Amino acid sequence: MIREPLLALGLLVIIAAGVWVWMAARRRRVMHGDAGDLVAIYNPRRRAALVLAFSTPDCAPCKMIQRPALEDLERRFPGRVVVREIDALEAPALADRFGIFTVPSTVVIAPDGGVRAVNSGVTTAERLAAQIGLNGLSEQ
Amino acid sequence: MAHRAMVDQNAIKFSQTVIAVWIAVAGGLGAPWLIIFLAAALAVSAGSPGRSLFRLLYERVAVPAGVVRPRVIPDDPAPHRFAQGLGAVVLWLSSLTLLVGAPLLGWLLAGLVAVLALLNVLAGFCAGCFIYYQLARRGWLSRRRGDER
């Protein structure tokens with residue numbers, strides 16, 4: 001009786017594993033890239049980490065959950081992080097460059113242009129701070 | 001002053017958890033009628049949130065028992081209702097395929113709903129946002145200009 005649900009579960013696990021491998025490969029390719037050109041544009045003083053926050057105008061979690069988290073991050077670590085919100089539909093080339101496939105997504109770029117992380121879905125201020133390397137530093 | 005709608009984010013996560021657990025139990029018992037019941041409950045929830053079974057469970061059981069605390073923030077309830085409607089449609093398709101004798105496809109569709117619900121709860125991944133974004137970037141949806149920061 002439960003043979004089909006188990007088969008379906010197995011298929012879902014295989015599909016999920018395939019998606020995970022595909023996403024990991026995309027992320028690895030992006031993480032080895034250099035985003036120094038974007039740092040020069042968005043963060044020319046190079047004193048802070050850059051967070052690119054991809055959203056769309058109709059994305060409710062982007063405005064209601066992700067944006068407050070980014071504002072919280074900027075408030076807690078002034079001068080150490082620069083956030084730039086980008087409409088993924090207005091900048092498809094930039095979105096493709098980082099393999100953005102959903103919104104909200106965030107890309108963490110170190111002052112030297114190294115890509116530290118690409119997050120799909122809502123990401124908390126604490127997680128972003130850890131990816132930037134701000135954990136353990138005193139908040140202001 | 002413009003009125004801003006408020007949405008309890010934990011109520012949404014609670015209902016998604018209930019949906020995922022419900023589907024897992026239905027699969028474990030091999031009980032398609034549980035999927036049909038869930039599809040109906042989700043359809044009611046999307047169409048008339050005031051009569052939602054999940055809301056009832058949340059407000060009358062989970063919150064009073066201290067299992068979860070409300071987290072109400074300004075938000076647009078429309079996308080959440082859309083997501084529930086989408087879940088209901090997929091579960092109705094699942095029910096239909098289970099009834100007409102294609103159980104593997106039926107359970108696969110139900111499992112997909114459970115996985116997407118859990119992804120939202122555990123990883124903040126919004127399936128509705130993903131679908132919208134993929135359709136819009138291919139030009140299959142018209143879009144309005146937003147409020148860039």
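Biologist: What radius of gyration does chain B have, and why does that agree with a compact globule?
Modeller: Chain B has 16 Å, and a compact globule with 149 residues would have a radius of gyration near 15 Å, which agrees. The radius is taken over C-alpha atoms, and the globule rule is 2.2 Å times the number of residues to the power 0.38. This is a predicted model: local features need pLDDT of at least 70, side-chain atom pairs count only at pLDDT 80 or more, and totals for chains, interfaces and linings use all residues. Residues are numbered from 1 along each chain as its sequence is written, chains are lettered from A and ligands numbered from 1 in the order in which they are written, and side-chain values use heavy atoms, leaving out hydrogens and water.

Biologist: What does the C-alpha trace of chain B span?
Modeller: About 55 × 45 × 25 Å along its principal axes.

Biologist: And how many helices and strands in chain B?
Modeller: Six helices and two strands. The pattern along the sequence is β-α-α-α-β-α-α-α. Helices (H or I, at least four residues) and strands (E, at least two) are DSSP runs, numbered from the N terminus.

Biologist: How much of chain B is buried?
Modeller: 40% of its 149 residues. Buried means under 20% relative accessible area, exposed over 50%, partly exposed in between (1.4 Å probe, protein chains only).

Biologist: Switching to chain A. What are its elements?
Modeller: Chain A has five helices and four strands. From the N terminus they run α-α-β-α-β-α-β-β-α.

Biologist: What box do its C-alpha atoms fill?
Modeller: For chain A, roughly 65 × 30 × 30 Å along the principal axes. Of its 140 residues, 50% count as buried.

Biologist: Where does Glu85(A) lie?
Modeller: In strand S2 of chain A, residues 81-87.

Biologist: Buried or exposed?
Modeller: Glu85(A) counts as buried because its relative accessibility is 17%.

Biologist: Which side chains does the side chain of Glu85(A) make polar contacts with?
Modeller: One is Ser55(A), at 3.3 Å. Another is Arg67(A), at 2.9 Å. A polar contact is a pair of N or O atoms within 3.5 Å; within protein, one must be able to donate a hydrogen and the other to accept it, and residues adjacent in sequence count only if both atoms are side-chain atoms.

Biologist: What kind of peptide bond joins Val103(A) and Pro104(A)?
Modeller: A cis one, with omega about -5°. Pro104(A) sits in the loop between helix H4 (92-97) and strand S3 (105-109) of chain A.
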